[in-house]
Amino acid sequence: MIGILSRYLCAAIALAAAYGAAPARAADIIADWPTLQMPPPPELKPATLDPKTTALLLLDFLTTNCNERPRCVEAVPKVKALTDRARAAGMLVAYTLPGGGKIVDPGIAPHDGEVVDQKQGGPDKFLGSDLDQRLKDHGIKTVILCGTSAQGVGIGTGSAAAQRGYFVAYPVDCVASESAFREAYATWHMGVGGPPVTTKWVTVTRSDMIKFETAKQ
């Protein structure tokens, strides 16, 4: 019996060698985790946008979440500067304030006539809302996405907008999260790591690299 088993074992080894059996490796991504390296960051690109067909989305900047995230608090002045420029250019500004939550800073509070959605919802702000129709009613073709968190509304609403055919400007300094790593993987997903059906519509940029076209005289 031992001799027979030995012959089977030798035969199996010979077949594996002949057909190039794959070497043993870790069984899953958790086992591989210590060997992983961060990919290079997406290239930041300037974006020149038409304010008539662009909307600035300010998503979930609430006292109850942003104040608990130092990176979000640090982003607020940049969000305000971008919002002020957008309004000066006559751009549509749209907010989500789930559950009627309070805006984290009065400097970025909604103005009369701006789109405000207060319904409870998840990271994709298009689901269960009329946001898509309201943007289309204003002739919007491009959205600038700002919000918290990056791994939530950044990926959720950013990807959803791209899948609906909107061009997405993703300013990395205005999409904040609880940690730099969460912002990094969301940015990488939106810029280069996600499916091409979404990344082809996305420009990863920074707020000071966004310019607005001026009306031709």
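**Stop 1: Lys-136 and helix H5**

Select Lys-136. In this predicted model, Lys-136 is partly exposed, with a relative accessible area of 42%. Now add Asp-132. The two side chains meet in a salt bridge, 2.7 Å from N to O. Why do these two sit about one helical turn apart? Lys-136 and Asp-132 are four residues apart in helix H5, so about one helical turn separates them. An α-helix has 3.6 residues a turn, so residues three or four places apart point the same way. Asp-132 is also partly exposed, at 22% relative accessible area. The cut-off for buried is under 20%, so Asp-132, at 22%, counts as partly exposed.

Stay on the helix. H5 covers residues 131–137, and Arg-134 lies in it. Arg-134 counts as partly exposed, at 28% relative accessibility. Which residues does Arg-134 contact, leaving aside its neighbours within four places in sequence? Show Val-115 and Val-116; these are its contacts. Draw a distance from the C-alpha of Arg-134 to that of Val-115. It should read 8.2 Å, with the two positions 19 residues apart along the chain.

**Stop 2: more salt bridges**

The count for the model comes to nine salt bridges. Side chains of opposite charge can pair when their charged atoms come close. Two further pairs are worth selecting.

- Lys-119 and Asp-117: the closest N and O atoms are 3.2 Å apart. Lys-119 is partly exposed, at 45%, whereas Asp-117 counts as buried, at 13% relative accessibility.
- Asp-208 and Arg-206: their side chains meet in a salt bridge of 2.9 Å, N to O. Asp-208 counts as partly exposed, at 45% relative accessibility. Arg-206 counts as partly exposed too, at 33%.

**Stop 3: the cavity**

Keep Asp-117 selected. It helps to line the largest cavity. How many cavities of 30 Å³ or more are there? The count is one. The largest cavity has a volume of about 50 Å³.

Select the full lining: Leu-57, Leu-59, Ala-94, Tyr-95, Thr-96, Val-115, Asp-117, Lys-125, Ser-129 and Leu-131. Colour these residues by class. You should see six nonpolar, two polar and two charged residues. Then colour by element. S2, S3 and strand S4 (115–117) each supply at least two lining residues. S3 gives the most, with three.

**Stop 4: the largest nonpolar core**

Nonpolar side chains tend to be buried together in soluble globular proteins. Which members of the largest nonpolar core touch the most other members? Select Leu-56, Leu-58, Phe-61, Leu-82, Ile-144, Cys-146 and Phe-212. The core has 27 residues. Six elements are to be shown here, each giving two or more residues to this core: strand S1 (47–49), strand S2 (54–59), helix H4 (70–88), strand S3 (92–96), strand S5 (142–148) and strand S9 (210–212). H4 gives the most, with six residues.

Centre on Cys-146. Beyond its neighbours within four places in sequence, Cys-146 is in contact with Leu-56, Leu-57, Leu-58, Leu-59, Phe-61, Leu-82, Pro-171, Cys-174 and Val-175. Another core lies apart from the largest one. It has 26 residues, among them Val-115, Ala-162, Tyr-170 and Val-202.

**Stop 5: helix H6**

Select residues 150–163, helix H6. Is H6 largely enclosed or largely open? In H6, 12 of the 14 residues are buried, so the helix is largely enclosed by the rest of the structure. The buried residues include Ala-150, Val-153, Ile-155, Thr-157, Ser-159 and Ala-162. Gly-152, Gly-154, Gly-156 and Gly-158 are also buried. Now step past the helix to Gly-165. This residue follows H6 and has a positive phi, near 95 degrees.

**Stop 6: the largest pocket**

Finish at helix H7 (180–193). Select Ala-180, Phe-181, Glu-183, Ala-184 and Tyr-185; of the 25 residues that line the largest pocket, these lie nearest its centre. About 580 Å³ of space lies in this pocket.

Which elements supply at least two lining residues each? Show H4, strand S7 (175–176) and H7. H7 gives the most to the lining, with seven residues. Colour by class once more. The lining divides into 18 nonpolar, two polar and five charged residues.

How values were computed
Residues are numbered from 1 along each chain as its sequence is written. This is a predicted model: local features need pLDDT of at least 70, side-chain atom pairs count only at pLDDT 80 or more; totals for chains, interfaces and linings use all residues. Side-chain values use heavy atoms; hydrogens and water are left out. Buried means under 20% relative accessible area, exposed over 50%, partly exposed in between (1.4 Å probe, protein chains only). A nonpolar core is a set of buried Ala, Val, Leu, Ile, Met, Phe, Trp, Tyr and Cys residues joined through side-chain atoms within 4.5 Å. Contact means heavy atoms within 4.5 Å. On a 1 Å grid over the protein atoms alone, a cavity is a set of points where a 1.4 Å probe fits but cannot get out, and a pocket is an open set with protein on both sides within 12 Å along at least five of seven lines; lining residues have an atom within 4 Å of a point. Grid points are joined across faces, edges and corners, and a volume is the space filled by probe spheres set on the points. Ala, Val, Leu, Ile, Met, Phe, Trp, Tyr, Cys and Pro count as nonpolar, Asp, Glu, Lys and Arg as charged, and the others, Gly among them, as polar. A salt bridge is a side-chain nitrogen of Lys or Arg within 4 Å of a carboxyl oxygen of Asp or Glu.
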